[in-house]
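I opened the model today to look up a handful of residues and one pocket, and I set down here what I found. The entries follow the order in which I looked.

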Amino acid sequence: MSGLAPFREGLVLRDLVPRLSVFPDPATWSVRMRRASLTLPPADAELVRTELEPLLRPYGETREGYRWEPAAA
């Protein structure tokens with residue numbers, strides 16, 4: 001892992017769906033995402049990497065933002 005995007009500031013996959021070949025029918029992309037695994041073709045993986053890299057920050061700077069506190073009862 002080379003870094004994390006700050007919590008709730010990461011890549012929105014839905015926005016990339018029309019550009020990803022792994023989703024031949026953008027209208028049904030969410031069904032394909034419910035599979036246990038989804039292999040990205042190399043060109044799709046490169047697109048995701050290119051879009052994600054500018055959002056990444058060092059792990060140590062961002063990990064605390066992912067902590068969830070249990071709701072008070």
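**Thr62 and its surroundings**

I began with Thr62, which, leaving aside its neighbours within four places in sequence, is in contact (heavy atoms within 4.5 Å) with Leu4, Pro6 and Arg57. I found Thr62 in helix H4, residues 59–62, where helices are DSSP runs of H or I of at least four residues, numbered from the N terminus. Thr62 counts as buried at 6% relative accessibility; on this scale buried means under 20% relative accessible area, exposed over 50%, and partly exposed in between, with a 1.4 Å probe and protein chains only.

**Basis and confidence**

I noted that this is a predicted model, in which local features need pLDDT of at least 70 and side-chain atom pairs count only at pLDDT 80 or more, while totals for chains, interfaces and linings use all residues. Residues are numbered from 1 along each chain as its sequence is written, and side-chain values use heavy atoms, with hydrogens and water left out.

I then checked pLDDT, the predictor's confidence in each residue from 0 to 100: the mean for the protein chain is 89, and 99% of its residues reach 70 or more. Confidence is lowest in H2, at a mean of 84, and highest in helix H3 (residues 42–52), at 96.

**Trp29**

I turned next to Trp29, which is found in helix H2, residues 29–33. Trp29 is partly exposed, with a relative accessible area of 21%. Leaving aside its neighbours within four places in sequence, Trp29 is in contact with Leu13, Arg14, Val17 and Phe23. For one of these, Val17, I looked up the backbone as well: the C-alpha atoms of Trp29 and Val17 are separated by 7.2 Å, and the two residues are 12 apart along the chain.

**Arg8 and the ring cluster**

I looked at Arg8 because it has a positive phi of about 65° although it is not a glycine. Arg8 lies in the segment before helix H1 (13–16) and is exposed, with a relative accessible area of 70%.

I then asked how many aromatic pairs the structure holds, and the count is three, where rings of Phe, Tyr and Trp (its six-membered ring) pair if their centres lie within 6.5 Å, with planes under 30 degrees apart called stacked, over 60 edge-to-face and the rest tilted. Phe7 and Tyr66 form an edge-to-face pair, 5.3 Å centre to centre with 80° between the planes. Phe7 lies in the segment before H1 and Tyr66 in the segment after H4, so this pair ties together parts that are 59 residues apart in sequence. The rings of Phe7 and Trp68 have their centres 5.5 Å apart and their planes at 80°, so that pair is edge-to-face. Trp68 lies in the segment after H4, so its pair with Phe7 ties together parts 61 residues apart in sequence. I recorded that ring pairs link Phe7, Tyr66 and Trp68 into a cluster. Phe7 is partly exposed at 28%, Tyr66 is partly exposed at 36%, and Trp68 is exposed at 61% relative accessibility.

**The largest pocket**

Which residues line the largest pocket? I listed Gly10, Leu11, Leu13, Leu20, Phe23, Met33, Leu38, Leu40, Val48 and Leu52. By class, the lining has nine nonpolar, one polar and no charged residues, with Ala, Val, Leu, Ile, Met, Phe, Trp, Tyr, Cys and Pro counted as nonpolar, Asp, Glu, Lys and Arg as charged, and the others, Gly among them, as polar.

Key
Helices (H or I, at least four residues) and strands (E, at least two) are DSSP runs, numbered from the N terminus. On a 1 Å grid over the protein atoms alone, a cavity is a set of points where a 1.4 Å probe fits but cannot get out, and a pocket is an open set with protein on both sides within 12 Å along at least five of seven lines; lining residues have an atom within 4 Å of a point.
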